[in-house]
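Here's a quick briefing to read with the model open beside you. It goes topic by topic, so feel free to jump around.

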Amino acid sequence: MYHGIINVYKEPGYTSHDVVARLRGILKQKKIGHTGTLDPAAEGVLPVCLGSGTRLCDMLADRTKTYQAVMLLGVTTDTQDTTGTALSQNQEGAMALTDEEIRRTVLGFQGDYAQIPPMYSALKVDGKKLYELARAGKEIERKARPVQILEISVDKIELPRVEMTVTCSKGTYIRTLCHDIGGLLGCGGAMEHLIRTRVDHFHIGDSLRLEEIEALRDEGRVAEAVCTVEEALAAYPPLTVLPSGDKALKNGNPCFRQQLKEAPSACVDGSLYRMYNSQGEFTGVYQYQEEKHWWKPWKMFLMPEA
């Protein structure tokens, strides 16, 4: 069984669940999970967790992501992308826009942004997925959710199309961003194409298509493509316990400052750390709790035996 994360290039037409199902067949293991859905029409980076790495699924889903999007101005649709049914068209208004107007409006979305999730999404309301309600012809009121556009740039304008690069927080819908930009410009807008180029430190240049993973399997080289759990958590600073702290780690108990080889001089409440036993073996992610001055297990990883 493989343990860790593999950087998959999701091709258009596949759902994230399709990718997981294919990988289960390719790798002959059931314990596989993806790190957040990517629309079927979209393509690009989809980190997939394997074995004990499935404990990372929610952590990676929380990381920042970068996209390259093509926005089509002059049209709105029920899905907020061009796969949906057109609701309005204003090609003349789109073609009358200046490059300066477009850039100013797009760049104005950088920062905090209250975004209303689209009806065609997997979000649940009262136990029902929004897209299921939408397909049944129902539309319900959705509350705006806070998201962040960390970086946004206009790469190319060839009206009615605008190419953008967006780095954003979790839960951001690029379809909705295109819809909202088009609304502010007064002509409407929809997403025409989307490529996810990065999720945390997983980049598109290192991603593998399913047939490439299948070829690696046939050559007995899949392990070369698997990022270990420890590597995936490299952004968290490391802490190592003294031999007196090994028992606490083994039993999943909190660790105190006196049990650490080198305790940080200052810690922020809620900050996360990679924790190692006195032999240098990675055991899990611990969270510092200021009130009790200890590091408490946040997510443990039982490392598989060789």
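**An aromatic pair, and what surrounds it**

Phe109 has a relative accessibility of 10%, under the 20% cut-off, so it counts as buried. Tyr113 gets the same label, because its relative accessibility is 8%. Keep in mind that this is a predicted model, with a mean pLDDT of 89 for the chain.

**Confidence**
- Of the chain's residues, 91% reach a pLDDT of 70 or more.
- The low point is helix 5 (residues 130–135), where the mean is 64.
- At the other end, strand 11 (residues 161–168) has the highest confidence, at 98.

**Aromatic rings and charges over them**
- The count of aromatic pairs comes to five.
- Phe109 and Tyr113 make an edge-to-face pair, because their ring planes are at 85 degrees, with the centres 5.2 Å apart.
- Tyr273, Tyr288 and Trp295 are linked by ring pairs into a cluster.
- Arg209 puts its charged end over the ring of Tyr9, 4.2 Å from the ring's centre.
- Lys299 lies over the face of Trp298, and here the distance to the ring centre is 5.6 Å.

**The five-stranded sheet**
- Five strands make up an open sheet in the order 15-17-18-19-16, and the pairing is mixed.
- Strand 15 (238–240) and strand 16 are the edges: each has a single partner strand, so one side of each has no neighbour in the sheet.
- Strand 15 runs parallel to strand 17 (residues 272–276), and three bridges join them.
- Leu239 has Met275 in strand 17 as its bridge partner.
- At the other edge, strand 16 (residues 255–256) is antiparallel to strand 19 (residues 294–300), with two bridges between them.
- Strand 18 (residues 282–289) also pairs antiparallel with strand 19, through six bridges.
- Which residues stand opposite Trp295? Cys255 does, and so does Tyr288; Tyr288 and Trp295 are also both members of the ring cluster.
- Strands 18 and 19 form a hairpin with four residues between them, and His293 in the turn has a positive phi of about 55 degrees.

**Helix 7**
- Which residues of helix 7 (residues 210–218) are buried? They are Leu210, Ile213 and Leu216.
- Down the helix axis, these buried residues fall within an arc of 115 degrees, so they line one face of helix 7.
- That fits the general pattern: an α-helix has 3.6 residues a turn, so residues three or four places apart point the same way.
- What do the buried residues of helix 7 pack against? Their partners are strand 1 (4–10) and helix 1 (16–27).
- Gly220 follows helix 7, and its phi is positive, near 70 degrees.

**Leu150 in strand 10**
- Leu150 is part of strand 10 (residues 145–158).
- Is Leu150 buried or partly exposed? It counts as partly exposed, because its relative accessibility is 34%.
- Setting aside neighbours within four places in sequence, Leu150 is in contact with Thr64, Gln110, Thr167 and Cys168.
- Asp78 is 72 residues from Leu150 in sequence, and the C-alpha to C-alpha distance between them is 27 Å.

Methods:
Residues numbered from 1 in each chain as written. Predicted model: local features only at pLDDT ≥ 70, side-chain atom pairs only at ≥ 80, totals over all residues. Heavy atoms only, no water. pLDDT = per-residue confidence, 0-100. Buried < 20%, exposed > 50% of the residue type's maximum accessible area, 1.4 Å probe, protein only. Arc of directions from axis to C-beta. Contact = heavy atoms within 4.5 Å. Phe/Tyr/Trp six-rings, centres within 6.5 Å; stacked < 30°, edge-to-face > 60°. Lys NZ or Arg CZ within 6 Å of the ring centre and 35° of its normal. Pairing = 2+ DSSP bridges.
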